[in-house]
Amino acid sequence: MSCRKVEQEVACFTNAAGVPASVFANTVYDANGSFVALYYTDAAGAVVDTSVGTVTAGQCPVAQPDVEWEKLCDVQADGTVVEFLRRSVTSFTAAGDVIDPVQVDDFETDKVTAYTVTGTVGDCDTCPVQAPLGLITDLTLLA
């Protein structure tokens, strides 16, 4: 029978290199409830040296995925242009590193229906190069 009681709580240890990892904070109390010791363990129960780094209470935060939408144009062989949306989802590891590859999906403008590119993808905001007209006397030339 042990006269010590160990309470375990989740903590976040950030090492000297700035890499966070979830650990368990193990607080040891004697039979009277007085503090005896504190040590940290990993998920497998191995002791973690936290002397170089910082420990905060609670699970390490995990960065949420970054979702970006971009309007693009699919230029067909006959010159017609179809607008579509490209969604890029960038996910991160617990250490904050980007998980490759970034997930890329194409959708119709409703953001639901999948879109398949059939031409050349380009920026929709580009204008075609126009030949100079010089001095004009009829505005219908600008139509």
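Before we look at individual residues, let me fix one term: buried means under 20% relative accessible area, exposed means over 50%, and partly exposed lies in between, using a 1.4 Å probe and protein chains only. What we have here is a predicted model, in which local features need pLDDT of at least 70 and side-chain atom pairs count only at pLDDT 80 or more, while totals for chains, interfaces and linings use all residues. Residues are numbered from 1 along each chain as its sequence is written, and side-chain values use heavy atoms, with hydrogens and water left out.

I will start with the salt bridges, meaning a side-chain nitrogen of Lys or Arg within 4 Å of a carboxyl oxygen of Asp or Glu; the whole structure holds 4 of them. In one, Arg86 pairs with Asp106, with 2.7 Å between the closest N and O atoms. This pair joins strand β7 to strand β8 (residues 98-107), across 20 residues of the chain, where strands are DSSP runs of E, at least two residues, numbered from the N terminus. Arg86, at 21%, is partly exposed, whereas Asp106, at 16%, counts as buried.

Another salt bridge, at 3.8 Å from N to O, brings together Lys71 and Glu83.

Turning to the interior, the largest nonpolar core consists of 6 residues, Ala11, Phe13, Val23, Ala25, Tyr40 and Val48, where such a core is a set of buried Ala, Val, Leu, Ile, Met, Phe, Trp, Tyr and Cys residues joined through side-chain atoms within 4.5 Å.

Methods
Helices (H or I, at least four residues) and strands (E, at least two) are DSSP runs, numbered from the N terminus.
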